[in-house]
Amino acid sequence: MAYWLYKSEPATWSWDQQAAAGAAGTFWNGVRNHVARKNLKTMRLGEQGFFYHSNEGKAVVGIVEVIRTYYPDHTDESGRFGMVDLKAVEALPRPVTLERIKAEPRLSGMVLVTNSRLSVQPVTEEEWALVRAMGGL
DNA sequence: GCCAACGTTGGC
DNA sequence: GCCAACGTTGGC
């Protein structure tokens with residue numbers, strides 16, 4: 001069971017919007033990077049990930065789950081990229097800011113820190129447990 | 001608003 | 001296939 005992290009600018013797509021979509025979830029479109037695409041392709045049903053607000057907020061704010069595996073992204077004219085469907089699972093009682101993540105030595109290897117531009121990232125089991133705990137879960 | 005890091009494009 | 005130029009992302 002793998003874990004993931006999805007970045008979104010709240011001005012474009014926020015956690016509140018994701019949560020409002022409920023159990024039906026939504027598609028996670030717009031990935032145009034081949035490393036992020038590889039991550040999307042690797043995902044299996046039921047795998048969970050962090051929802052991260054970039055730019056404004058800069059914090060892990062919630063947990064989402066894959067409810068449909070990789071299929072073509074209809075917004076990609078080139079036809080090269082795909083997407084998955086995600087639903088909100090729960091909000092973190094206490095969002096974990098990038099500042100706190102960077103201040104935690106055990107999270108120094110997080111892709112969020114080492115390759116901040118990657119929009120869909122793998123998260124290790126250790127990182128998953130630690131960030132969850134820091135968020136109050 | 002700046003700019004470093006990174007990806008992509010396109011000329012050769 | 002290389003690499004310079006350009007565009008975008010995202011932290012600060």
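Helices (H or I, at least four residues) and strands (E, at least two) are DSSP runs, numbered from the N terminus. This is a predicted model, where local features need pLDDT of at least 70 and side-chain atom pairs count only at pLDDT 80 or more, while totals for chains, interfaces and linings use all residues. Residues are numbered from 1 along each chain as its sequence is written, and chains are lettered from A and ligands numbered from 1 in the order in which they are written.

**Exercise 1. Place Lys87 and describe its surroundings.**

Step one is the element: Lys87 sits in strand β5.

Next, is Lys87 buried or exposed? The cut-offs go like this: a residue is buried if 20 or more other C-beta atoms lie within 10 Å of its own, exposed if 12 or fewer, and partly exposed in between, with C-beta atoms placed from the backbone. Lys87 has 17 C-beta neighbours inside 10 Å, so it counts as partly exposed.

Now the contacts, meaning pairs whose C-beta atoms, placed from the backbone, lie within 7 Å. Leaving out residues up to four places away in sequence, Lys87 touches Ala21, Ala23, Gly25, Val64, Glu65 and Ile67.

Finally, try Gly109: 22 residues separate it from Lys87 in sequence, and the C-alpha to C-alpha distance is 27 Å.

**Exercise 2. Work out how the sheet is put together.**

Start with the inventory: chain A has five helices and six strands. Along the sequence they follow the pattern β-α-β-α-β-β-β-α-α-β-α.

Then find the order. Two strands pair if DSSP finds at least two bridges between them. The six strands make an open sheet, β2-β5-β4-β3-β1-β6, with mixed pairing. At the edges are β2 (26–28) and β6 (120–123), each pairing on one side only. From one strand to the next, the twist averages 40°.

Now go pair by pair:

- β1 (residues 3–8) and β3 (residues 48–53) are parallel, with five bridges; Lys7 has Tyr52 as its bridge partner in β3.
- β2 and β5 run antiparallel and are joined by three bridges; Trp28 has Val84 as its partner in β5.
- β4 and β5 also run antiparallel, joined by 10 bridges; here Tyr71 stands opposite Met83 in β5.

Last, add a helix. Helix α2 (residues 34–42) lies across β1, β4 (59–72), β5 (82–97) and β6, at about 60° to β6. That angle is between N-to-C directions and can run from 0 to 180 degrees; axes are lines fitted to C-alpha atoms, for helices over the stretch in contact.

**Exercise 3. Which residues surround DNA strand B, and which are around DNA strand C?**

A residue is near a strand if its C-beta atom, placed from the backbone, lies within 6 Å of it. For DNA strand B, that gives Asn33, His34, Val35, Asn115 and Arg117. For DNA strand C, you get Lys7, Glu9, Ser54, Asn55, Lys58, Leu98, Ser116, Arg117 and Ser119.

Now sort them by class. Ala, Val, Leu, Ile, Met, Phe, Trp, Tyr, Cys and Pro count as nonpolar, Asp, Glu, Lys and Arg as charged, and the others, Gly among them, as polar. The surface near strand B has one nonpolar, three polar and one charged residue. Near strand C there are one nonpolar, four polar and four charged.

**Exercise 4. Describe chain A as a whole.**

First, the box: the C-alpha atoms fill roughly 40 × 30 × 30 Å along the principal axes. Then burial: 33% of the 137 residues count as buried. To finish, look at contacts with a separation of 6 or more: residues 24 or more positions apart account for 71% of these.

Methods
Contact = placed C-beta atoms within 7 Å.
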